[in-house]
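Please read the following report alongside the sequence and the coordinates. It is written for a reader who wants residue-level geometry set out with its values.

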Amino acid sequence: SFKGWYTAANGGTAVNMTMKVTSNMTIYAHWESLAAESRFKKGKLWYKVVKPALSTSKEGTVSVVGPVNKNLRKATIPLSVAKFAFKNNKKLKNVKIGNNVQQISNGAFYGCTSLVKVTIGKNTEKIGSKVFYKARKLKNVIIQSKKLKSVGGNAFKNIHKSAKIKY
């Protein structure tokens, strides 16, 4: 991405509109690659580049880090979910974890007190600790995955007392 104009090819001083120019000047465009911590918005969700693509032949990895709008009521998660991505979201009611999601990170939906239904896709292998902790209205959990290997401690603690988990 474009970083700005500078007085030298490497380093130099950033050029801005208040800089006084008294003679001809060569300025240099500085660019930076998308780093592992780059965030971007697509649709109703924020994403973070977790592992950048190193070349055109290799894919990078991105993770959902939260909603664009805290009033989001329904979310479809197409990729991995970062730690505490939706923590304490009071409006979220329905979540569908897509078939490409292999892992739901710790605390991803911690304290989502309005959450009532969750569908977990076919390829989820790991549900982290406290993923749905304190989602007190969560009554309906459908786990479609036959690849699930581990569920972290307290992943479903303090959900609705008559919750049904279909596996």
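The report below treats strand pairing, aromatic contacts, charges over rings, the main pocket and a few individual residues in turn.

**Strand pairing**

The model is a predicted one, and local features are described only where pLDDT is at least 70. Strand E3, which covers residues 39–42, pairs with strand E4, residues 45–51, in the antiparallel sense, and 4 bridges hold this pairing. Lysine 42 has leucine 45 of E4 as its bridge partner. The hairpin formed by E3 and E4 has 2 residues between the strands, and in that hairpin glycine 43 adopts a positive phi near 65°. E4 is also joined to strand E5, residues 61–67, by 6 bridges, and these two strands run antiparallel. Within this second pairing, valine 49 stands opposite valine 62 in E5. As background to such pairings, the side chains of a regular strand alternate between the two faces of the sheet.

**Aromatic contacts**

How many aromatic pairs does the structure hold? There are 6 aromatic pairs, and two of them are set out in the table.

| Ring pair | Distance of centres | Angle of planes | Class |
|---|---|---|---|
| Phenylalanine 109 and phenylalanine 132 | 5.5 Å | 10° | stacked |
| Tyrosine 110 and tyrosine 133 | 5.2 Å | 35° | tilted |

The pair of phenylalanine 109 and phenylalanine 132 is stacked because its planes stand at 10°, and planes under 30 degrees apart count as stacked. This pair links distant parts of the chain, since phenylalanine 109 belongs to the loop between strand E9 (103–104) and strand E10 (117–120), whereas phenylalanine 132 belongs to the loop between strand E11 (126–127) and strand E12 (140–143), 23 residues apart. Phenylalanine 109 is buried, its relative accessible area being 0%, and phenylalanine 132 likewise counts as buried at 0% relative accessibility.

The rings of tyrosine 110 and tyrosine 133 have their planes at 35°, so that pair is tilted. Because tyrosine 110 lies in the loop between E9 and E10 and tyrosine 133 in the loop between E11 and E12, the pair ties together parts of the chain that are 23 residues apart in sequence. Tyrosine 110 and tyrosine 133 are both buried. The phenylalanines also take part in a wider arrangement, in which Phe86, Phe109, Phe132 and Phe156 form one aromatic cluster.

**Charges over rings**

Two basic side chains are placed over aromatic faces: arginine 39 lies over the face of tryptophan 46, at 4.4 Å from the ring centre, and lysine 130 lies over the face of tyrosine 133, at 5.0 Å from the ring centre. Arginine 39 falls within the residue range of E3, and tryptophan 46 within that of E4.

**The largest pocket**

What is the volume of the largest pocket? The value is about 260 Å³. The lining of this pocket is made up of 14 residues, and Thr61, Val62, Leu79, Ser80 and Asn100 are those that lie nearest its centre. E4 and E5 each supply at least two residues of the lining, and E5 gives the most, with 3 residues. By character, the lining of the largest pocket divides into 5 nonpolar, 7 polar and 2 charged residues. Val62, named among the residues nearest the pocket centre, is the valine that valine 49 stands opposite.

**Individual residues in the loops**

Two residues other than glycine have a positive phi in the loop between strand E7 (80–81) and strand E8 (94–97), and they are described here one after the other. Phenylalanine 84 has a positive phi of about 55°, and with a relative accessible area of 40% this residue is partly exposed. Asparagine 88 has a phi near 60°, and it too is partly exposed, with a relative accessible area of 39%.

Is glycine 121, in the loop between E10 and E11, buried or exposed? Glycine 121 counts as buried, at 0% relative accessibility. The C-alpha atoms of glycine 121 and isoleucine 142 are 8.6 Å apart in space, while the two residues are 21 residues apart in sequence.

Lysine 147 is placed in the loop between E12 and strand E13 (150–151), and it is partly exposed, with a relative accessible area of 43%. Its C-alpha atom is separated by 11 Å from that of asparagine 99, which is 48 residues away along the chain.

Definitions and conventions. Residues numbered from 1 in each chain as written. Predicted model: local features only at pLDDT ≥ 70, side-chain atom pairs only at ≥ 80, totals over all residues. Heavy atoms only, no water. Pairing = 2+ DSSP bridges. Phe/Tyr/Trp six-rings, centres within 6.5 Å; stacked < 30°, edge-to-face > 60°. Buried < 20%, exposed > 50% of the residue type's maximum accessible area, 1.4 Å probe, protein only. Lys NZ or Arg CZ within 6 Å of the ring centre and 35° of its normal. 1 Å grid on protein atoms, 1.4 Å probe; cavity = no way out; pocket = protein on both sides within 12 Å on 5 of 7 lines; lining within 4 Å. Points joined across faces, edges and corners; volume = space filled by probe spheres on them. Nonpolar A, V, L, I, M, F, W, Y, C, P; charged D, E, K, R; others polar.
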